[in-house]
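Biologist: I would like to learn how to read strands and sheets in a model like this one. Could we go through a few features in turn?

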2 protein chains.
Amino acid sequence: MNTKEVLSLFQSDIVAINLGLPGFAENLVGFGADVVNVDWQPPAGGNLAALKALERLEKSARVDIEAANAEAVRRILAAEPMVIGIGKALDTVPGMAKDLVLHSGPPISWDKMCGPMKGAVIGGLIYEGLAANAKEAEELAASEKIRFDPCHHHNAVGPMAGVMTASMPVWIVENKAFGNMAYCTLNEGLGKVLRYGAYSDEVIERLKWIEKELAPILSKALELHGPMDMKSIIAQILQMGDEGHNRNRAGTSIIIRELAPHLVMLDYPKEKLSRALAFLNANDHFFLNLSMPSAKCSVDAAAGIEGSTIITTMARNGVEFGIKLSGLSGQWFTGPSGVVDGLYLPGFGPKDAARDIGDSVITETAGFGGFAMAAAPAIVKFVGGSPEDAIAVTENMYAITNAESEAYRIPVLDFRGTPSGIDVRKVVETGILPAINTGIAHKEPGIGMVGAGLVKPPENAFRDALIAFAEKYV
Amino acid sequence: MNTKEVLSLFQSDIVAINLGLPGFAENLVGFGADVVNVDWQPPAGGNLAALKALERLEKSARVDIEAANAEAVRRILAAEPMVIGIGKALDTVPGMAKDLVLHSGPPISWDKMCGPMKGAVIGGLIYEGLAANAKEAEELAASEKIRFDPCHHHNAVGPMAGVMTASMPVWIVENKAFGNMAYCTLNEGLGKVLRYGAYSDEVIERLKWIEKELAPILSKALELHGPMDMKSIIAQILQMGDEGHNRNRAGTSIIIRELAPHLVMLDYPKEKLSRALAFLNANDHFFLNLSMPSAKCSVDAAAGIEGSTIITTMARNGVEFGIKLSGLSGQWFTGPSGVVDGLYLPGFGPKDAARDIGDSVITETAGFGGFAMAAAPAIVKFVGGSPEDAIAVTENMYAITNAESEAYRIPVLDFRGTPSGIDVRKVVETGILPAINTGIAHKEPGIGMVGAGLVKPPENAFRDALIAFAEKYV
């Protein structure tokens, strides 16, 4: 049939409303019809098990999800992260041991680890003096003599590979409102660094300098300064073009200006003090390892609330992306780590990239980082896209969160609070996935950073969590 | 006549286009007419002398204004302000003398000065040891023994009252691209400070400490650091929520983090180094006195170009607002200083306010400050309005400028360059006045800051400049 013959079947002109795939509309337009195209998707992407779970939860009288979520969100917004000190991981982090290596993301065994995580483990074992070189380290890592555990199982977080070993100094951040703690190593800078899987002598030496010189200096300066109010500082950096995940220039600046007047008072050779300040000035990501434990102790206070569908953990190990729900404490729900879409350093491209990795997505979980991209339009020079995209990213996140932060506000959105408290029901129902911006590590061990960009978490992790939640509660 | 009778005069329904005042349209609408209202204003606000000047300039073949302005704008955009040192005003600022007091804005005599400028002069004379108290200082100021001159006549700029005396330390900023210099005192902080007209013991003691301790420390730290590239730093702060006039938190942070590693190397008692760093950390406007001379030496390079209608100076002394054109070097065109519309500190209100004062509007003249407000949406918490207003302010300024900065870019406007090079013809023709944000001083001497806000410069200064320009060139 040609167009004329098709149209002759109708008494009047065709006026159609097309839901979903624009392809169907194109056919109708081809027949001369007047078509309104509605960008519609079935809830939960049409996944039957997920739809059933959503329906059962909505109808159930057995669990008061709204009340549970209100409490979870209240706790997230009421968090008061304070940097109270620096300690040695072995003496500070619960359950830390000399034969234990912590890593980012959900649990993973040595044989399954991606390149940059293996590289960081190799570096960590050499740094601890447990191996003399990469070969020895790999053998040791593959043996029974070394145990692995996620940072998240020890109240800790680690960017990228997230490797923490016993001798490493760690920031101690206390959630003053609830008394719980979080820990994170000190940031090493960009380029060839352990967290991106590099383990050359230069990397190990820098880690040793951080342990022996930088950490004691900062620890003593912080002692003179007193606890550092991270809630206030994160609120400030959102007025200064940072979002606290991949843009940390303002945050690092504030840490320097707050500590410097106390740091100069220390009884150290001035060359050492100068080197410490110069290192901080040269490393705009220094703040990341403070924003991450601040986020971690903020959301941890909301974990373990019976009946809550709020996401309290998101983390990736380079192979899997995992989440935890407040109401399903202890359980990870995982899917494959995504491929990062972003900008590459000169000489590198997508073929070099490891998959999405690191605990830094704890910032998004707590309502800043990618969720606050609208506050940091200049970040697009680092992760790609346009300033409009950055604003749209934040605006989208209001659809999957239950609250707006009172402390963290975005000037360009007329000081609207950042979207906070991700509700797994909303993620599944809308199909809108949490926005994450991230660094990109080289896929091979030993190389380091190759770029930065945006990444989508796997849908199935959210769906599986929802279904498990419905099974437990209904 | 009633509506019906009026309408009966016409053969068909009335359809009208109303230009300008909406009041006329309302009458027609009252008669049942269909009215389109066009927000139209006659060029130059209908001022005949100004219209004539614009017309004569457009028709004249005697002067190539476009070429002259292109050169002026080229020089403004090519400026490379570098902070190269700190000197004593007497030894550094051209023409400075012990009996000379420099002030902000166009020339003014003691008897005509506003309250805060009188207060700052009193403080300056006490600070110099030329008077023991306010009474003595007032007598001396009114005598022939003291001379007054605008900062602008000595390659200098000063915020608010802008008082500079012989012993004061000054920042030395060189425009590396053209070799010209600019000078400015060191910022004293907010509240009770000389530039806002306060002169209590606390104010004088702080000025002495700045002279004896802070300036030498910063001078030596800067020497170790090397010249500070202000073009790069101003470009950065526009990505960090500052606009370099009334929001300077990022700028001050960058100065601290750049200087701190060198400052700790100095052979000073550590208490003094700590006090210097603590003072900078407590004073977010410290950067203003660096951004101002950077702007000054940038636009000064564009002064004195025959045939150019680009504005190279705007400045206020609290009584008069004055401008200078590149093509009419040396001549001030003035009008009454405006009343600032803004936010007040607790306990103060519009009745306490002095009129618009200070050389800080040099930042707008150079294409940042108020002209870059879109980069600093959080500034509205200080000067009033909404973030949308801040964006609109910048967008408006493209209508009266001839270029967009290559170095200074605004993320939220998709990294568009800031509006730069104000053309007095465009100001007069459109009636759009340069946007200025500013602090508010108390109108009485001796009190200090009471608020901050936005202010309109007087239209007639721009009109008079244009008419004088036409007289000279056509």
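Modeller: Start with a sheet in chain B, keeping in mind that this is a predicted model. An open sheet of 3 strands is found there, in the order β12-β17-β16, and the pairing is antiparallel.

Biologist: Which strands stand at the edges of the sheet in chain B?

Modeller: β12 (341-344) and β16 (436-441) of chain B do. Each has a single partner strand, so one side of each is left without a neighbour in the sheet. Neighbouring strands of this sheet are also turned against each other, by 25° on average when direction is ignored.

Biologist: How many bridges join β12(B) to β17 of chain B?

Modeller: There are 4 bridges between β12(B) and β17 (residues 449-455), and the two strands run antiparallel. As for single residues, B:D341 has B:L454 in β17(B) as its bridge partner.

Biologist: And how should I picture the side chains along a strand?

Modeller: In a regular strand they alternate between the two faces of the sheet.

Biologist: Turning to chain A, is strand β16 largely enclosed or open?

Modeller: Of the 6 residues of β16 (residues 436-441) of chain A, 6 are buried, so the strand is largely enclosed by the rest of the structure. A residue counts as buried if 20 or more other C-beta atoms lie within 10 Å of its own. β16(A) is joined by 6 bridges to β17 (residues 449-455) of chain A, running antiparallel. A:T438 has A:G453 in β17(A) as its bridge partner.

Biologist: Which domains does the assignment give for chain A?

Modeller: Domain 1 covers 3-40, and domain 2 covers 48-75 + 297-473. The C-alpha centres of these two domains of chain A lie 38 Å apart.

Terms used
Residues are numbered from 1 along each chain as its sequence is written. Chains are lettered from A and ligands numbered from 1 in the order in which they are written. This is a predicted model: local features need pLDDT of at least 70, side-chain atom pairs count only at pLDDT 80 or more; totals for chains, interfaces and linings use all residues. Two strands pair if DSSP finds at least two bridges between them. Axes are lines fitted to C-alpha atoms, for helices over the stretch in contact, and angles run from 0 to 180 degrees between N-to-C directions. A residue is buried if 20 or more other C-beta atoms lie within 10 Å of its own, exposed if 12 or fewer, and partly exposed in between; C-beta atoms are placed from the backbone. Domain bounds come from an automatic or database domain assignment.
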